[in-house]
Amino acid sequence: MQIEFAHFLTKHESKPDWRREESYQYDKRKEKIKLKLRPDFLIRKKGWRKDEYMALEFKQNSQPRACLKNMLTDLEKYRKILQSHSDLRSIWTVGVFKTENIEDTQDNFSTFFIEQDSDYSVLDLTLSKIGDTSYWFVII
């Protein structure tokens, strides 16, 4: 999925500046074990300041709830980076999962957010079906 997205960015008419797997240092007061975070993609659109990027993470899991959990885990990691070294304008995660019933999946997501006492809700999600398949993507 990441290779296809890199190809998409390279061919996109807006020619965004993008990078892969650059490192950000964790704030040692917030993260004691890991030293660095490496976003899947850093993207800078034309017109943004030269030192501002959007971080983008991809997650895939056939189980919708596990996919969402992994996405939220990634977002939590970004709260631990050293802010004085951050050039991130925003952080986004894209997840791909399989479901035959999106209404049940959305209910499951709502329950998950409540159980986790999350800052997020289903209203924060963008969900879309991938073609004529039983696969969906979600963006937070």
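Trainee: In what order do the six strands of the open sheet come?

Mentor: This is a predicted model, and in it six strands make up an open sheet with the order 1-4-5-6-8-7 and mixed pairing. Reading such an order from end to end shows you the edges. Here strand 1 and strand 7 are the edge strands, and each has a single partner strand, so one side of each has no neighbour in the sheet. From one strand to the next, the twist averages 20 degrees.

Trainee: Let me zoom in on one pair. How many bridges join strand 5 to strand 6?

Mentor: Eight bridges join them, and the two strands, residues 53-60 and residues 88-98, run parallel. To follow one rung yourself, start at E57, whose bridge partner in strand 6 is T93.

Trainee: Thanks, that helps. Which strands does helix 2 lie across?

Mentor: Helix 2 lies across strand 5, strand 6 and strand 8, and runs at about 165 degrees to strand 6.

Trainee: Now the interior. Which residues touch the most other members of the largest nonpolar core?

Mentor: The general idea comes before the case. Nonpolar side chains tend to be buried together in soluble globular proteins. In this model the largest nonpolar core has 15 residues, and those touching the most other members are L68, L72, F97, F109, F113, L125 and I140. Two or more residues come from each of helix 2 (64-78), helix 3 and strand 8 (135-139). Helix 2 gives the most, with five residues.

Trainee: I would like to pick one of those residues and look around. What does L72 touch?

Mentor: Leaving out residues up to four places away in sequence, L72 touches F112, F113, Y120 and I140. There is also a second, separate core of ten residues, which includes F5, L9, W48 and V94.

Trainee: On to charged side chains. Is R44 buried or exposed?

Mentor: For an arginine, read the accessibility and then the surroundings. R44 is found in strand 4 (residues 41-44). Its relative accessibility is 11%, so R44 counts as buried. The R44 side chain reaches the backbone oxygen of W48 at 3.1 Å. Not counting residues up to four places away in sequence, R44 touches P16, D17, R49, K50, E52 and Y53.

Trainee: How many salt bridges does the count come to?

Mentor: The count comes to eleven salt bridges. For each pair, check the distance and then how exposed each partner is. D27 and R29 form one salt bridge, with the closest N and O atoms 2.6 Å apart. D27 is buried because its relative accessible area is 6%, whereas R29 is exposed at 68%.

Trainee: Can we look at pairs that link distant parts of the chain? Where are R89 and E52?

Mentor: R89 is in strand 6 and E52 is in the loop between strand 4 and strand 5, 37 residues apart. The closest N and O atoms of their salt bridge are 3.2 Å apart. R89 is partly exposed at 43% relative accessibility, while E52 is buried, with a relative accessible area of 19%. The cut-off matters for E52, because buried means under 20%. Another such pair is K59 in strand 5 and D74 in helix 2, 15 residues apart. Their side chains meet in a salt bridge at 3.1 Å, N to O. K59 is partly exposed, with a relative accessible area of 23%, and D74 is buried at 5%.

Trainee: Which residues are linked with E52 and R89 in a network of salt bridges?

Mentor: R49 and D51 are linked with E52 and R89 in that network. You have met R49 and E52 already, as residues that R44 touches.

Trainee: One last item, backbone angles. What is the phi of K15?

Mentor: K15 has a positive phi of about 50 degrees, although K15 is not a glycine. When you see such a value, locate the residue in the fold. K15 sits in the loop between helix 1 (2-11) and strand 1 (17-19), and counts as partly exposed because its relative accessibility is 46%. D117 is also a residue other than glycine with a positive phi, near 50 degrees. D117 is found in the loop between helix 3 (102-115) and strand 7 (126-129). With 68% relative accessibility, D117 counts as exposed.

Note on methods. Residues numbered from 1 in each chain as written. Predicted model: local features only at pLDDT ≥ 70, side-chain atom pairs only at ≥ 80, totals over all residues. Heavy atoms only, no water. Helix = DSSP H or I, 4+ residues; strand = E, 2+ residues; numbered from the N terminus. Buried < 20%, exposed > 50% of the residue type's maximum accessible area, 1.4 Å probe, protein only. Core = buried A, V, L, I, M, F, W, Y, C linked by side-chain atoms within 4.5 Å. Contact = heavy atoms within 4.5 Å. Pairing = 2+ DSSP bridges. Axes fitted to C-alpha atoms, helices over the stretch in contact; angles between N-to-C directions. Polar contact = N/O pair within 3.5 Å; in protein donor to acceptor, adjacent residues only side chain to side chain. Salt bridge = Lys/Arg side-chain N within 4 Å of Asp/Glu carboxyl O.
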